[in-house]
Structures are given as structure tokens and as C-alpha cells.
Amino acid sequence: MNTEVLIALVNNVALLLVIAFLYEVLFFKCEMNTHFKNIIAGFFIGMVGIALMLNPWELSPGVFYDTRSILLSIVALFFGFIPAVLGALLVVSHRLYQGGIGATAGVAVTISSVILGLLWRQHSEKQDKLFSMFELYAFGILVHVVMLICMLLLPWPYAFEVLGHISLPVMLIYPIGTVLLGALLKNQSFCIKTQDALKGNELMLRSFINSVPIGMFRLSSDRKVLHTNPEMAYILGLQTPEEASSYFQEMGERIYVDPKRREELIKILKTQGHVENFEYEFLRADGNRRWLLMNVKKNSDPKTDSFVINGFVLDITDRKKAEEMLKQTERKYRDAYGLLHGVMESPKDIVIFALDREYRYLAFNENHRITMEQIWGAKIEVGISMLTYIKDPADREKAKVNFDRVLAGEAFTIVEEYGDSSLNRFYYSNTYSPLKDAEGDIIGITLILEDITSRKHAETELERSREQFRLAVDGSHDGIWDWDVHNNNLYLSSRCKEMIGYEDHELQNVYSIIENYIHPDDKQRVINDLEEYLELEAPEFNIEFRLKHRNGNYIWVQARGKALRDEEGLAYRMAGSLTDITERKKTEIKIAEEAVRRRVLIEQSSDGIVILDKDGKVFEANPKYAEMLGYSLEEVLSLHVWDWDAQFTHDELENLRRKVGEMGDHLETIHRRKDGTLFDVEISSNAAMFGDQKLIFCVCRDITERKRAEKELLHAKLEAESANRAKSQFIANMSHELRTPLTAVIGFSDILSMNVHDKLTEKEMGYIDHINKSGEHLLEIINSILDLSKIEAEQRELEREIFYVKEVIDNIVTMMTPIIERKNISIIVDDKIQSDKIIADKLKFKQIMYNLLGNAIKFTPDNGKVSVTAIKNDNKIQISVSDTGIGIPDEKLNDIFIPFMQVDESNKRAYGGTGLGLPLAKQFVEMHNGNIWVTSEEGKGSTFTFTIADQDIIC
């Protein structure tokens with residue numbers, strides 16, 4: 001390699017480095033319109049390519065070599081389509097201008113380098129990854145292998161000599177050059193993207209600081225404010241952080257109501273380096289006094305004496321007010337207790353106690369404490385609500401109603417029934433009175449109770465006996481039983497026997513009959529419960545068990561009973577009822593099974609399931625939903641819906657929750673995981689009442705992949721449509737360019753055939769005639785391609801005019817008479833709209849008929865028949881062209897309207913044609929708001945039918 005070649009290569013390397021600079025300036029540092037940026041880049045790339053061509057190494061006269069293959073392939077790989085193509089056009093133009101025997105090869109190298117770069121770029125974008133060094137080297141080898149192949153476009157004896165000289169240096173140097181330039185551009189792209197990411201993180205942190213509901217500030221070692229956030233300004237009663245910084249200077253010297261608190265804060269900070277939960281009263285900018293909770297930490301620089309103080313502030317004024325109100329309330333409690341403290345202990349069986357307005361004990365006498373402990377099993381305490389000791393919900397509600405009457409100012413005496421912890425009933429004569437303070441305000445309740453349970457029990461027992469007698473006489477849906485414990489006689493009502501399928505006279509009234517019919521698994525349990533009740537170890541006899549029915553099945557019954565006892569507490573008689581609860585048990589079992597089934601369904605569901613209460617809080621969720629959000633199941637149960645929904649605001653979520661009804665709702669939203677990442681979710685929800693509250697049931701499905709696929713599909717569709725339009729535009733332009741030289745060829749062949757007829761031999765005249773016919777045939781093909789492409793490119797419009805259908809059909813039949821007569825084909829025209837004019841594009845209508853009739857004649861064998869039928873249906877003209885030709889196979893019927901498609905290869909050879917006639921006819925028909933279709937039977941012929949709308953009618 002001589003000195004000139006080395007200098008040329010050095011110049012080439014320098015020019016290639018310009019591309020790296022251009023890539024960084026235009027694509028990372030320059031703010032301008034993307035299309036304009038691409039055009040500028042393409043222009044500069046072309047200039048660099050031309051500069052490379054002006055500094056080549058010349059193998060021989062007219063054969064130049066430079067590094068434009070590296071330039072254009074790397075440009076296509078990193079800059080994209082527009083810059084690469086525009087730059088390539090400038091390079092090709094200059095190379096053609098230079099000329100020489102290597103011009104064709106040079107143009108081929110330029111185009112192939114750009115194409116390979118764009119294809120490789122598209123492949124890498126689908127892989128969604130950056131180019132590795134190995135990929136760049138492989139790409140460089142591929143580009144320059146193709147470059148060497150392009151050298152075969154040189155004159156062949158010379159091409160092999162050139163390949164022998166350049167193959168080794170090209171494959172050794174150029175791929176490495178490709179790697180170096182690509183690595184430089186890749187490194188620039190990576191560095192800029194990293195800088196953008198850092199800027200984004202900085203903006204995110206600043207946005208977080210400005211949006212948190214906590215006041216933040218930063219002070220320097222000389223006590224100057226470095227930074228405050230908007231919440232700090234709001235707490236101080238100011239508008240902007242700048243105003244807050246000015247107001248907060250010198251460690252907030254102006255804002256302390258008590259200056260000693262400031263000194264105390266500074267002292268702690270110097271000693272410990274941090275201050276936690278420091279409360280003090282401060283003065284806002286508007287003059288109001290408020291309370292602050294401050295946390296401060298000093299961060300020192302070990303290399304210098306300077307330090308920075310970071311502080312976090314919360315306004316706790318409302319909490320302070322609540323604490324003061326609580327102190328006032330406690331004082332009222334002590335006052336109320338003082339009013340009752342002088343009450344003397346009550347006589348025996350009299351209970352006295354007092355409650356505040358929240359039903360909490362203020363005071364009680366010893367009788368009440370003993371009564372509550374012995375009978376109710378409760379150890380009462382001052383300050384605890386009495387309602388918490390009442391076990392029965394109905395009793396609790398009844399007591400609350402009475403307490404509220406007293407707190408409203410009413411005094412009254414009533415007899416009431418309450419239950420203890422075992423649900424035994426006790427009766428009291430209760431006197432309720434309001435408890436007032438010195439100012440006459442009602443601050444609570446006083447209650448005097450007298451236990452009258454014994455008297456009520458006697459009355460109840462008498463009533464029970466009477467009721468038992470009435471039940472025995474009148475009968476009941478429940479069975480009645482009466483057991484003499486001493487002699488073991490048992491009376492069973494007819495209803496008891498009927499439950500197990502027997503008539504009254506079919507079973508004897510003996511105790512053993514029950515034992516014989518109890519289910520073996522329940523027998524010992526029934527005996528044990530009965531013995532415990534009789535021995536006073538259980539407060540009541542109420543048990544459920546199974547009895548054998550006459551048909552062999554078992555029914556569920558509930559037995560209740562009450563014993564009469566002597567003075568020693570021994571039971572001598574016991575009576576009760578027997579209730580058939582079989583259906584209830586079946587329902588309970590069914591409900592339990594359904595609950596288990598629903599729980600299994602929720603736990604095993606592949607979708608996330610979450611249930612929200614009326615406040616938007618999680619009521620229940622399955623493990624799958626916790627997994628989707630990245631939380632544990634316990635963590636999810638403490639969240640609200642707005643803790644993870646990243647698309648809707650708090651108010652919007654509340655509105656959505658209120659609108660969900662039993663019919664349900666369906667929506668898509670975005671969820672935020674615990675780690676902050678987002679994903680798309682599809683939610684199906686509906687509402688249902690659970691007890692007295694409305695719950696929202698939501699089934700959530702992660703649709704992130706589906707949404708990504710939809711976006712990719714839409715992007716691919718748009719790219720395909722754009723490419724198709726570009727293709728049609730290109731074909732239309734190229735077809736237009738080809739018609740000009742073909743017209744000249746046809747014209748000159750006509751001139752030759754007319755002017756030199758007597759100077760040429762018959763064979764030479766035949767050649768001229770062949771040129772003329774071939775040119776006309778090729779022009780016809782190009783015209784069809786042009787028409788089809790212009791329609792696809794949306795460049796054609798209808799040119800409407802008034803004409804007769806019969807006139808067009810007759811004209812076309814006349815044009816085709818020579819072919820018809822040569823093949824001895826009979827033409828039958830059935831025109832039922834001869835006298836009617838239509839408004840349409842006559843030229844396109846004529847071409848439709850020409851293509852269909854021409855195909856019918858071409859594919860119909862000699863002595864065949866072709867028919868044309870024209871009718872008018874409502875607002876449309878319908879025309880059918882039938883033949884007795886070769887027909888079309890069923891599997892090819894969907895292909896014949898596709899451009900360039902033929903029925904099969906054999907038909908192409910036998911009949912010829914471009915495959916554009918039917919697609920063009922279809923396009924023209926559809927431009928007239930019509931349809932075209934075909935029916936065919938292979939070997940018997942085809943019928944093509946089309947309709948067009950009368951343009952006068954549709955306008």
C-alpha cells in the first residue's frame with residue numbers, strides 16, 4: 001500500500017469521525033422538528049459521503065475505493081431511513097457524475113450498504129437491545145462481503161483482478177472500521193440516555209419533595225435557609241417556598257412564641273446532632289399561633305467544618321386542641337364523681353350506679369359490683385361502658401334506648417328483663433333519673449334497680465304450665481313431651497310420633513322408645529347432656545340430634561326441655577318440645593359446603609380477587625391479588641383502593657365505587673405494585689349487600705402483555721399501511737416514467753414501417769412489426785399497472801358523463817370481431833336497458849367490459865359461446881358476462897382479483913396475460929360503489945357479474 005493510499009485512508013477515517021459528531025449534535029443536543037432534523041442529517045451525510053469519494057484510493061483509472069460502505073451502513077443502522085436514503089441519493093448522484101467503469105459497482109455498493117443497515121436496524125429493534133461488538137463486526141463482514149460481490153458488476157476479466165487485489169485488505173480493515181464507528185455511536189447513545197435517566201430521577205425526587213404533606217427545610221452551617229418545600233410555605237401561612245425561606249432565616253428566630261424553646265432546640269442539636277419529636281408553639285406570617293412537631297438532623301462534612309441541617313415539620317395544632325379538650329372532659333368526670341361520692345351504701349338487694357353521657361361508669365355501690373360479678377360474671381370498672389358487659393344484643397340495644405331517654409331529660413320507672421352471660425333471664429324494677437352538674441346540665445345517668453326475678457319466675461312458671469296444657473290440648477307443629485323422672489313414664493304427643501312416620505297408636509309411650517330411635521352416633525351425647533342438666537351442671541336442656549324415620553332415613557330434631565325441682569334441687573318432672581329441623585340442617589350443610597366451595601374458588605383462582613367495603617378499604621382478598629401487587633396478604637388487608645390505583649384520583653375512585661351496582665361494571669386501569677412498578681389491569685366488579693353494608697366484589701386480571709401486544713399490533717398496522725401507500729406511489733411514478741420511452745419506441749417503429757417499407761426485406765419488416773406489437777403490449781401492461789397503482793395511491797377520481805350501456809357493449813363487441821370470427825365464437829347480447837341512459841365514468845365502464853369480455857373470449861375454445869346480460873335493479877345496473885371456457889378451480893376463486901395472480905402456471909403459458917385485468921376491473925367497480933363476483937365450474941365455463949350504482953342517483 002503506497003503513501004497516497006495511506007493518506008486517503010487517514011482522510012476517510014477523519015471524515016467518518018465527523019458522523020459521530022453529527023450524531024451527537026443532531027440527535028441528542030439539537031432541539032428541532034424530527035423530520036427537519038432527519039433531512040439535515042441526510043444532507044450532511046451525503047456531503048460526508050461525497051467528501052469520502054473525493055479522497056479515495058484508486059486501483060486503476062475509473063475504479064475508486066473509499067469507506068462510504070462503512071459510512072452508509074452505519075448511518076442506516078443508527079440514523080434511520082430518511083437520513084440514510086437521502087445521503088445515499090446524494091452519494092449515488094455524485095458517483096454517477098464521476099462516471100468510469102466502476103460507476104455501476106459503486107452505486108450497487110452504496111444501495112446495498114443502506115439496505116443492509118436498515119434491515120439490521122429493524123431486526124435489532126424487534127430484539128429490543130443495543131448492538132454488541134460481535135454484532136457490529138458480523139454486520140461489517142456482511143456489508144463488505146456484499147460489497148465484494150458487487151465488484152462482479154465490473155467487466156468480468158477485470159472484476160476478478162480487482163477482487164484479487166482488494167479482498168484481503170477490505171475484509172481485514174473495513175469490518176474493523178465498521179465496529180469502531182458503530183461502537184463510538186453506540187457509546188454516545190448510551191451516555192446520553194444515562195444522562196436523561198439521571199435528570200428524570202432528579203425531577204421525580206424534586207416532585208416528591210414538593211408534593212409530600214410534610215414541611216421540609218434545609219439550613220447551612222451559617223444558619224441560612226438553603227431550601228424549603230411548598231408544604232413548609234403553607235404551614236408558615238405563605239404562598240411560595242421563597243417567601244418561606246426568607247421568613248425562616250436564622251433557624252426560624254422570628255417564628256418562636258417562646259424564644260427559650262429555640263435555644264433548647266439548638267442546644268439539643270449541638271449535643272446529640274439530631275432532635276426528635278420536638279414540639280413548640282410558633283407564630284405564622286399572618287399572626288396566628290399554631291403548634292409544630294419538628295424532627296431535625298445535622299449532617300457534617302468530615303473534610304470541612306461546615307454542616308447542613310435537614311428538618312421535617314408537621315402542624316399538630318388540631319392534635320393539641322384535642323388533648324386540651326380531653327383534659328377538660330377528665331375534669332368533668334372528676335366533678336361528676338364528686339357529686340356521687342357522698343351517696344350512702346344502699347340496703348340489701350338495691351343496686352345504685354351512675355353513668356356518663358358515653359354510658360361509662362362514674363360510680364356504683366357494692367351491691368351492684370357483687371351482683372354483676374356473681375350473676376353476670378363481669379368485673380366492672382369505672383370508666384368502662386356498661387354496654388360492653390351486656391352480652392345479649394337485644395338487651396344491649398334496649399338498655400341504650402333507655403339511657404338515651406334519660407340523657408334527653410326524662411325520668412321514669414319500668415320493669416325490665418335482662419340476660420346474664422349464660423342467657424338466663426333476670427327481672428328488675430328500674431328507676432332512671434338524669435344526672436346533672438351544678439349548672440343544671442345533664443352529664444349522665446343514675447339508676448336504682450330492684451331484683452324481682454323470683455317473683456317473675458313464679459309468674460312465668462305458672463304461665464308455662466298453662467301454656468303446656470294448651471299445647472297438649474290444641475296440638476302444635478312441634479311435638480310435646482312430658483317425662484316423669486321418678487317412674488320413667490314418657491308422654492309423646494301425636495306430632496312427635498308423626499315426625500318419625502308413625503300414627504299415635506303405633507308407638508307406646510315409654511322412655512326406651514326414644515333411645516331405640518336415636519342415631520348411634522348421637523345417643524351418648526344426648527344422654528350426657530340430659531344428665532348434666534338434671535345434675536345442675538348445665539343451665540338448660542337444648543340439643544340437636546338425629547332420629548330414625550320409619551322409611552329407614554334419619555331426620556334432624558331439636559329437643560328443648562325444662563325440669564321441675566324439689567327444695568333440694570332434684571328434678572322430678574321434665575317437659576319440653578321436639579322440633580323437626582331437617583330442612584334447616586340441610587340448608588346449613590349446603591351453606592357450609594357452598595362457603596367452602598367459594599373459599600376454594602377464591603383461593604385457587606388464577607385472577608386476583610379483592611372485596612372493598614363502603615370506605616374503599618380491603619375487606620377480603622385472595623393470595624393471587626396480593627401476589628399481583630407484591631404485598632403479603634396481611635399487608636393488602638390494611639390498604640385502600642387508592643393506595644394501588646395509579647390512573648384514577650381519590651375522588652374518581654369514590655365515584656366509581658358508588659356507581660357500581662348489582663349489574664356490575666367493567667373497566668381497565670393501572671395498578672401500582674409495592675415496589676412502585678405499574679401494570680395494566682382489567683377489572684370486573686359488582687356490588688352486593690353483606691349484612692348492613694355494601695361490598696364491592698372485584699375480579700382483577702393482569703393485561704399488561706395484552707395491552708403491549710395491542711400497541712405493537714396497531715404500530716405494525718400503521719407501518720404496513722404506510723408501506724403499502726409508498727409502494728403504490730412508487731409503482732405509479734415508475735410506470736409513468738416508463739411510458740415515455742415506450743411511446744417513443746412504438747412511434748419510431750411506426751415511422752420505420754411506413755417510411756422504409758421498400759428498403760427493408762420482409763424479415764426485417766417482420767422484426768419492426770414485432771417491435772411495434774411488443775411495445776404496444778408492454779405499454780398496455782404499464783398502463784394497467786399505472787391505473788391500478790393510482791387507484792391504490794388514491795390518485796384517481798370518477799369522470800362522470802351520460803351514455804347508453806348498449807353503445808359501450810356494441811363498441812367493444814365490434815372491436816373484438818376479428819378475434820371472435822377467428823375462433824368462430826358466437827356472441828349473445830341480452831340488453832334489457834337499451835333505452836336507459838346512465839351517469840358513470842364511461843372510460844372506466846368501457847375498460848371493465850373490455851377486460852371481462854376479452855377474458856371470456858380468450859379462455860373460450862373455438863366454436864364456443866359467450867353471452868352478455870344487462871339489467872337494471874332499483875338503483876343499480878347489473879351486467880353478467882358468461883362463457884363456455886375452461887372454468888376456474890374452486891381453490892383459485894379467491895385469488896383471481898389479486899394483482900399479477902393467474903389460475904395456474906399452465907394457463908399462463910397457454911393463454912398469457914399479466915393478471916391485472918380483473919384486479920383493475922374490481923377497482924373500477926368499487927369506485928362506482930359496486931360489487932363484482934364470479935361463479936365457475938372447472939371445464940364448463942365461468943360467469944362474471946358486476947353492479948355499479950347510477951351516479952345520478954347516489955349524488
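## A pairing between two strands

His 671 has Phe 679, a residue of β21, as its bridge partner. This pairing belongs to a predicted model. Strand β21 covers residues 678-690, and β20 pairs with β21 in the antiparallel sense over eight bridges. In general, the strands of a sheet pair through backbone hydrogen bonds, in either a parallel or an antiparallel arrangement.

## The five-stranded sheet

The pairing of β20 and β21 is part of an open sheet of five strands, whose order is β19-β18-β22-β21-β20 and whose pairing is antiparallel. The edges are occupied by β19 (618-621) and β20 (665-672); each has a single partner strand, so one side of each is left without a neighbour in the sheet. From one strand to the next, the twist averages 30 degrees.

## Helix α11

Helix α11 consists of 14 residues, 259-272. At 1.5 Å a residue, a span of 20 Å is expected, and the C-alpha atoms at the ends of α11 are 20 Å apart, which agrees.

Which residues of α11 are buried? They are Arg 262, Leu 265, Ile 266 and Leu 269. These residues cover an arc of only 95 degrees around the axis, and therefore lie on the same side of α11. The exposed residues Lys 260, Glu 263, Lys 267, Thr 271 and Gln 272 are on the other side of α11.

## After the helix

Gly 273 comes just after α11 and takes a positive phi of about 85 degrees.

Notes: Residues are numbered from 1 along each chain as its sequence is written. This is a predicted model: local features need pLDDT of at least 70, side-chain atom pairs count only at pLDDT 80 or more; totals for chains, interfaces and linings use all residues. Side-chain values use heavy atoms; hydrogens and water are left out. Two strands pair if DSSP finds at least two bridges between them. Helices (H or I, at least four residues) and strands (E, at least two) are DSSP runs, numbered from the N terminus. Axes are lines fitted to C-alpha atoms, for helices over the stretch in contact, and angles run from 0 to 180 degrees between N-to-C directions. The expected span of a helix is 1.5 Å times one less than its number of residues. Buried means under 20% relative accessible area, exposed over 50%, partly exposed in between (1.4 Å probe, protein chains only). The arc is that of the directions from the helix axis to the C-beta atoms.
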